[in-house]
Amino acid sequence: GACGGRAGPVDLVLRGGEITGLTGLPGSGLHDIGFLVHGSMKPSKGKVNVSRKIKRALVPPHRETQGGIQLSSVRENITLSALPRWRRFGRLLALGTEGREAQAMATELNVIPGDAEGPYGVLSGGNKQKVIFGRVLMQEPQVYVLCEPTRGVDIATRTEIYRLIRKLRSKDVAVLVISSDSEDLFAVCDRIG
């Protein structure tokens, strides 16, 4: 019975090892469901039941305004949400380890150009989307909320993103794919609403 923004009431159960898809018309409140599940929007009515131990991560629907930081490097954009992972001795970061892991993620995701120290702002739309995926993967959450995961990307990048989403299933995490493009859902989801 959760309501928020234009969405609701919504009853939805996510399970580990399963990819759930939701679709609807743009402007229907579809992305509000993603924000409710992620916890970045509080329900106006009803509730979202998630254990406090469950970590959630979000790929936002609009990478241009909600995704990366244009003036930062690829490394900074990939590691931004997982900085405690490299914290040593108080608040100092192990920058060498952070840099190596960011470079490994950029390489795994085939971000072009492949230099993690390069500027994020000059990347193509598809490569920016891969960097945002990398940020979410670095968090190692139990719930992934992926809004419009392939919006504005070329066919090769779309195929790579589908591969990444399918790979999450084997990690026994819950994945919610929210897309107005039904092709995304048919390509990766176990169930669709």
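1. Let's start with Pro-9, which sits in strand S2 (residues 7-10). In this predicted model, the peptide bond that joins Gly-8 to Pro-9 is cis, with omega at about -5 degrees. That is a good place to begin looking at the backbone, and a second cis bond deserves a visit as well: the one from Ile-112 to Pro-113, where omega is near 0 degrees. Pro-113 belongs to the loop between H4 and H5.

2. While you have the backbone on display, have a look at two phi values. Asn-110 is not a glycine, yet its phi is positive, near 60 degrees. Asn-110 lies in the loop between H4 and H5, and its relative accessible area of 36% makes it partly exposed. Glu-140 also has a positive phi, about 50 degrees, without being a glycine. You will find Glu-140 in the loop between H5 and strand S7 (143-147).

3. Next, Asn-127 in helix H5 (residues 125-139). Is Asn-127 buried or exposed? Its relative accessible area is 9%, so it counts as buried, the limit being under 20%. The side chain of Asn-127 makes a polar contact with the side chain of Ser-124, at 2.8 Å. Once neighbours within four places in sequence are set aside, Asn-127 is in contact with Asn-110, Val-111 and Ile-112. Asn-110 is the residue with the positive phi, and Ile-112 is the one whose peptide bond to Pro-113 is cis, so I would view these together with Asn-127, given its contacts.

4. Staying with the loop between H4 and H5, please look at Ala-116, which is placed there. With a relative accessible area of 1%, Ala-116 is buried. Which residues does Ala-116 touch, not counting those up to four places away in sequence? They are Ser-73, Val-74, Arg-75, Ala-102 and Gln-103. The C-alpha atom of Ala-116 is 8.7 Å from that of Ile-78, and these two residues are 38 residues apart along the chain.

5. Now to the charged pairs. Searching the whole structure gives 13 salt bridges. One of them pairs Glu-18 with Arg-191, with the closest N and O atoms 2.8 Å apart. Glu-18 is in strand S3 (residues 18-22) and Arg-191 is in strand S9 (residues 191-192), so this bridge ties together parts that lie 173 residues apart in sequence. As for accessibility, Glu-18 is buried, at 17% relative accessible area, whereas Arg-191 is partly exposed, at 29%.

6. Another salt bridge joins Glu-101 and Arg-85 through their side chains, at 3.0 Å from N to O. This pair links distant parts of the chain: Glu-101 is in helix H4 (residues 95-108), while Arg-85 is in the loop between helix H3 (74-79) and strand S5 (87-88), and the two are 16 residues apart. Glu-101 is partly exposed, with 25% relative accessibility, and Arg-85 is partly exposed too, with 35%. Elsewhere, salt bridges with shared partners connect Arg-75, Glu-76, Glu-98 and Glu-117 into one network.

7. Within that network, the bridge between Glu-76 and Arg-75 is worth a closer look. The closest N and O atoms of Glu-76 and Arg-75 are 3.9 Å apart, and the cut-off for a salt bridge is within 4 Å. Arg-75 counts as buried at 15% relative accessibility, whereas Glu-76 counts as partly exposed at 36%. Arg-75 is also among the residues that Ala-116 touches, which connects this point with the fourth one.

8. Last, the largest pocket, which has a volume of about 480 Å³. Of the 23 residues that line this pocket, those closest to its centre are Leu-12, Leu-14, Val-48, Asn-49 and Val-50. Which element gives the largest share of the lining? Helix H1 (residues 30-38) does, with three residues. Sorted by class, the lining has 14 nonpolar, four polar and five charged residues.

Key
Residues numbered from 1 in each chain as written. Predicted model: local features only at pLDDT ≥ 70, side-chain atom pairs only at ≥ 80, totals over all residues. Heavy atoms only, no water. Helix = DSSP H or I, 4+ residues; strand = E, 2+ residues; numbered from the N terminus. Buried < 20%, exposed > 50% of the residue type's maximum accessible area, 1.4 Å probe, protein only. Polar contact = N/O pair within 3.5 Å; in protein donor to acceptor, adjacent residues only side chain to side chain. Contact = heavy atoms within 4.5 Å. 1 Å grid on protein atoms, 1.4 Å probe; cavity = no way out; pocket = protein on both sides within 12 Å on 5 of 7 lines; lining within 4 Å. Points joined across faces, edges and corners; volume = space filled by probe spheres on them. Nonpolar A, V, L, I, M, F, W, Y, C, P; charged D, E, K, R; others polar.
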